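Reader: I should like to learn how the features of a structural model are read, one after another. Might we begin with the overall form and proceed to local details?

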Amino acid sequence: MATVADRLFNFSAGPAVLPLPVLERAREELLSLPGVGMSVLEISHRSKAFDEILDRTLADLGRLIGIGDDHELILLQGGASLQFSMVPLNLLQGQSGAADYIVTGTWGRGGLKEARRIGSAHVAWDGEATGYDRLPQADEIKLSDHPAYVHITSNETIQGVQWQRLPAVAAAPLVCDTSSDFLSRPIDLSRFGLLYACAQKNAGIAGVTAVAIRKDLLERSADSLPAMLDYRTFVAKGSRPNTPPVFAIYILGLVCEWLLNEVGGLEQIAAQNAAKAAVLYDTLDASGGFYRGHAAEACRSTMNVTFRLPSADLEQAFLAEAAGHGLSDLKGHRSVGGIRASVYNAMPEAGVLALRDFMHDFKNARG
Ligand code: PMP
């Protein structure tokens with residue numbers, strides 16, 4: 001049987017490293033959930049055992065993101081990509097204003113493309129001219145008149161740029177794709193009309209997507225929407241209109257428990273994430289230009305650290321040698337190239353320090 005010692009440091013952008021205690025608990029409970037006599041992979045989604053898992057997961061996740069009376073929290077399938085469509089289907093169709101998109105990278109552009117299929121979408125800012133290496137200044141954002149909503153991507157996973165302060169959007173609902181920094185830092189949910197996140201970065205495994213939506217926005221959905229594309233269906237049926245992804249919800253629940261009980265909450269994980277990212281950015285900055293970060297300094301992501309080396313050959317060598325040191329999945333996305341170190345919640349500090357040491361050694365040997 002595999003042991004902890006077999007594990008590499010996995011810098012994948014997602015699906016990504018999971019907290020070790022979550023994996024160990026899932027392994028422990030895989031043959032039989034405590035007191036149930038069946039695996040979570042085998043139980044009915046209408047069983048009492050799953051009722052408890054779903055209720056606890058929603059309660060813990062709600063606690064972490066600060067759900068109050070104004071928002072509903074629901075779990076869906078289809079990944080964050082389905083939200084690119086569900087958001088405009090529910091919040092744009094039938095509205096007089098356009099949907100505004102602040103495009104800070106590949107994923108924001110993906111959302112915009114889907115919104116355009118459904119209604120009128122307006123580009124309030126687009127960072128393509130500089131390769132999506134920064135966020136807009138406040139005065140660069142050009143909102144339309146009375147937008148139906150304003151969409152942002154809180155962390156662009158591919159480029160490694162992350163919003164630190166939310167943009168001002170006047171009375172428009174702010175909609176946020178927070179897939180790759182969900183649960184990595186505290187949020188003020190009152191600022192959001194809707195936020196969504198797939199689970200396979202900080203919140204567990206692929207198959208489940210969390211959506212928090214302000215209750216008044218549910219009134220926008222048209223009765224003509226297919227039921228499974230209508231947020232109201234998931235609210236009315238408690239995230240269980242049909243067979244939900246039982247295992248993905250179970251793992252999400254374990255991740256929330258880990259965050260609440262072992263880490264101590266989102267303030268604590270945010271401090272850990274800031275410290276881990278700083279180790280890597282300091283290494284870039286101290287490298288005399290050998291490692292060049294992609295993102296402008298003020299927009300750097302704590303989740304995805306993207307950088308280049310002086311040549312493509314050196315980048316190839318870096319990846320190959322890193323793999324030999326147990327540092328896995330560091331290749332940047334093909335659209336940006338270079339290196340991407342994803343350091344989500346579950347990446348241990350030891351992994352970051354091992355990467356830092358490898359970067360020093362590689363530069364000293366090749367720089
Ligand atoms: N948005 C962001 C910011 C992402 O990082 C990703 C996945 N990497 C997606 C959307 C798409 O998610 P999914 O594969 O779950 O559809």
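Author: Let us begin with overall form. A compact globule of 367 residues would have a radius of gyration near 21 Å, and the chain has 21 Å, so the value agrees with that expectation. Please bear in mind that this is a predicted model.

Reader: What does the C-alpha trace span along its principal axes?

Author: The spans are about 65 × 60 × 30 Å. The chain contains 9 helices and 14 strands.

Reader: What percentage of the residues count as buried, and how much accessible surface does the chain have?

Author: A residue counts as buried when its relative accessible area is under 20%. By that criterion, 54% of the 367 residues are buried. The accessible surface of the chain comes to about 15,800 Å², and carbon and sulfur atoms account for 51% of it.

Reader: How should contacts be read with respect to sequence separation?

Author: One takes the contacts between residues at least 6 apart in sequence and asks what share joins residues at least 24 apart; in this chain that share is 68%. Ile-102 offers a local case. Ile-102 belongs to strand S3, residues 99–103, and its C-alpha atom is 8.6 Å from that of Gly-127, although the two residues are 25 apart along the chain.

Reader: Is Ile-102 buried or exposed, and which residues does it contact beyond its sequence neighbours?

Author: Ile-102 has a relative accessible area of 1%, and therefore it is buried. Leaving aside neighbours within four places in sequence, its contacts include Ala-124, Trp-125, Ile-141, Val-150, Ile-152 and Trp-163.

Reader: Let us turn to the ligand. How many residues surround it, and which are the closest?

Author: The ligand is surrounded by 14 residues, of which Ser-81, Thr-157, Asp-177, Gln-200 and Lys-201 are the closest. By class, this shell comprises 4 nonpolar, 8 polar and 2 charged residues. Helix H3, residues 79–91, gives the most to the shell, with 4 residues.

Reader: Which polar side-chain atoms lie close to atoms of the ligand, and at what distances?

Author: For such pairs of N or O atoms, the cut-off for a polar contact is 3.5 Å. A polar side-chain atom of Lys-201 lies 2.9 Å from a ligand nitrogen. For Gln-200, a polar side-chain atom is 3.0 Å from a ligand oxygen. In the side chain of Trp-107, an N or O atom is 3.4 Å from an oxygen of the ligand. As to burial, the ligand taken alone exposes 400 Å², and the protein buries 85% of that.

Reader: How does one examine a polar residue within the protein itself, for instance Asn-273?

Author: One considers its accessibility together with what its side chain reaches. Asn-273 is in helix H7, residues 266–285, and it counts as buried because its relative accessible area is 1%. The side chain of Asn-273 reaches the backbone oxygen of Ser-184 at 3.1 Å. Apart from neighbours within four places in sequence, Asn-273 also contacts residues including Thr-302, Met-303 and Tyr-344.

Reader: In which strand does Thr-306 lie, and which backbone oxygen does its side chain reach?

Author: Thr-306 lies in strand S12, residues 304–308. Its side chain reaches the backbone oxygen of Gln-159 at 2.8 Å. The relative accessibility of Thr-306 is 4%, so this residue too is buried. Not counting residues up to four places away in sequence, Thr-306 touches, among others, Ile-158, Gly-160, Arg-292, His-294 and Ile-339.

Reader: Finally, how are backbone angles to be read?

Author: Most residues other than glycine have a negative phi, and most peptide bonds are trans. Here, a cis peptide bond joins Gly-14 and Pro-15, with omega about -10°. Pro-15 is in the loop between strand S1 and helix H1.

Reader: Where are His-146 and Ala-170 located, and what are their phi values?

Author: His-146 lies in the loop between strands S4 and S5, and its phi is near 45°, a positive value in a residue other than glycine. Its relative accessibility is 72%, and therefore His-146 counts as exposed. Ala-170 is in the loop between strands S7 and S8 and has a positive phi of about 50°, although it is not a glycine. With 80% relative accessibility, Ala-170 counts as exposed.

Conventions. Residues numbered from 1 in each chain as written. Predicted model: local features only at pLDDT ≥ 70, side-chain atom pairs only at ≥ 80, totals over all residues. Heavy atoms only, no water. Near = heavy atom within 4 Å. Polar contact = N/O pair within 3.5 Å; in protein donor to acceptor, adjacent residues only side chain to side chain. Areas by Shrake-Rupley, 256 points an atom, 1.4 Å probe, with all protein chains shown as cover. Helix = DSSP H or I, 4+ residues; strand = E, 2+ residues; numbered from the N terminus. Nonpolar A, V, L, I, M, F, W, Y, C, P; charged D, E, K, R; others polar. Rg over C-alpha atoms; globule rule 2.2 N^0.38 Å. Buried < 20%, exposed > 50% of the residue type's maximum accessible area, 1.4 Å probe, protein only. Contact = heavy atoms within 4.5 Å.
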